[in-house]
Amino acid sequence: ILICLTAWCGPAAASEGALEINQDCAESGCFPGDAAGFPVTLTSGGAYRLTSDLAVSTASNGIVIQTASKVDVDLGGFTLSGGGTCTDTPVTACSAGNGLNGVTSPSLAHVRLHNGTIRGFASSNVQLSQLLDGSEFEDLLLTESVAVGFASMSLSTTGTTGRTVLLRNVTVSRNRNVGIIASGTTTHYVIDGLVVSGNGGIGASLNQSATIRGASFHRNGGFGISTTQVIALGNTSFFGNNGGSTANQFSITTLLNMGGVVCEDASCP
């Protein structure tokens, strides 16, 4: 009783009031609404922070978001791992681990996901299909997702009015299939600082318009970018994509060149 009078006895809280997620609490449930074992389920809006690496040891998702309220997931510089590994650059083969999707949501989600690594999941490292306006992805490494039929980062929005999704300082590298799929309804993706490299398929398949600045697309098995949408592109380089072809580094139907677009081993289309 004395301990409970002098210390917090509810869900573990990390720094700055964020609820803590770590390997130990995942086994027993990290906070109300989260059952024991994986996935770690977020049923309330607010801030969450990893305080250790997370390794998914069963055929489960890593983190599932089940609230439309704004959720801030700070990976804390740690790694969320599904246990898969891949070989070659571009990737030609992978070995599956246990994890299915790294971070996913079955319904509406307003997400800020940042500051860490997600690797080795059997489907997607990040799979969010009903994002709300203003969702953000920052300072992430997404690597070694193992499935042929999935993208390492699969993003889509919901609704009939305009949506904006931000990616900043994201690296999507050495995944079995497509690096990024970005889609939705009347959505614009704003991308600042992006590295897409060594993926077995297309680097980025963009099904909605985007503004991309300060990006590098190199040594992907397919096009660096493939899209039929309007893409504004600046200070971005392409090298060794499309199976190392010296042509067709990207396929963009309508390109708005903001300057500094370079195809290092070929002429840009």
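This report walks through the overall build, the disulfides, and a few selected residues of one protein chain.

The model is predicted, so local features need pLDDT of at least 70 and side-chain atom pairs count only at pLDDT 80 or more, while totals for chains, interfaces and linings use all residues. Residues are numbered from 1 along each chain as its sequence is written, and side-chain values use heavy atoms, with hydrogens and water left out.

## Overall build

The protein chain holds 3 helices and 21 strands. Both kinds of element are DSSP runs, numbered from the N terminus: helices are H or I with at least four residues, strands are E with at least two.

The radius of gyration is 19 Å, which agrees with the value near 18 Å for a compact globule of 269 residues. That radius is taken over C-alpha atoms, and the globule rule is 2.2 Å times the number of residues to the power 0.38. Along the principal axes, the C-alpha atoms fill a box of roughly 75 × 40 × 25 Å.

Of the 269 residues, 49% count as buried. Buried means under 20% relative accessible area, exposed means over 50%, and partly exposed lies in between (1.4 Å probe, protein chains only). The accessible surface of the chain comes to about 10,600 Å². Carbon and sulfur atoms hold 52% of that surface. These areas come from the Shrake-Rupley method with a 1.4 Å probe; for residues, only the protein chains shown count as cover.

Contacts are counted between heavy atoms within 4.5 Å. Among contacts in the chain with a separation of 6 or more, 57% come from residues 24 or more positions apart.

The chain carries 10 positive and 17 negative charges, and their mean positions are 6 Å apart. Lys and Arg count as positive, Asp and Glu as negative; His and the chain ends are not counted. Each charge is placed at NZ of Lys, CZ of Arg, CG of Asp or CD of Glu.

## Disulfides

A disulfide is a covalent bond between the sulfur atoms of two cysteines. Here the test is a pair of cysteine sulfur atoms within 2.5 Å. The count comes to 3 disulfides. With the bonded cysteines numbered in sequence order, the pairing is 1-2, 3-4, 5-6.

| Disulfide | S to S distance | Torsion about the S-S bond |
|---|---|---|
| Cys25 and Cys30 | 1.9 Å | about 80° |
| Cys86 and Cys94 | 2.1 Å | 100° |
| Cys263 and Cys268 | 2.3 Å | 115° |

The torsion for Cys25 and Cys30 is about 80°, so this disulfide is right-handed. The link of Cys86 and Cys94 is right-handed. The link of Cys263 and Cys268 is right-handed too.

Burial can be given for each partner. Cys25 and Cys30 are both buried. Cys86 is buried at 7% relative accessible area, whereas Cys94 is partly exposed at 25%. Cys263 is buried at 7%, and its partner Cys268 is partly exposed at 30%.

## Two strand residues

Leu42 belongs to strand S2 (residues 40-42). Its relative accessible area is 0%, so Leu42 is buried. Leaving out residues up to four places away in sequence, Leu42 touches ten partners' worth of listed neighbours, including Ile21, Phe31, Tyr48, Ile63 and Val73. Ser123 lies 81 residues from Leu42 in sequence and 20 Å away in space, C-alpha to C-alpha.Ser105 is in strand S10 (residues 103-105). Ser105 counts as buried, at 4% relative accessibility. With residues up to four places away in sequence left out, Ser105 touches Ile65, Gln127, Leu128 and Ser129. Ser105 and Ala204 are 99 residues apart in sequence and 21 Å apart in space, C-alpha to C-alpha.

## Backbone details in the loops

A cis peptide bond joins Phe38 and Pro39, with omega about 0°. Pro39 sits in the loop between helix H2 (23-28) and S2. Another cis peptide bond joins Thr89 and Pro90, with omega about -5°. Pro90 sits in the loop between strand S8 (85-87) and strand S9 (93-95).

Asp88 lies in the loop between S8 and S9. Its phi is near 75°, a positive value in a residue other than glycine. Asp88 is partly exposed, at 43% relative accessible area.

Glu144 is not a glycine, yet its phi is positive at about 60°. This residue lies in the loop between strand S13 (136-143) and strand S14 (153-157). At 8% relative accessibility, Glu144 counts as buried.
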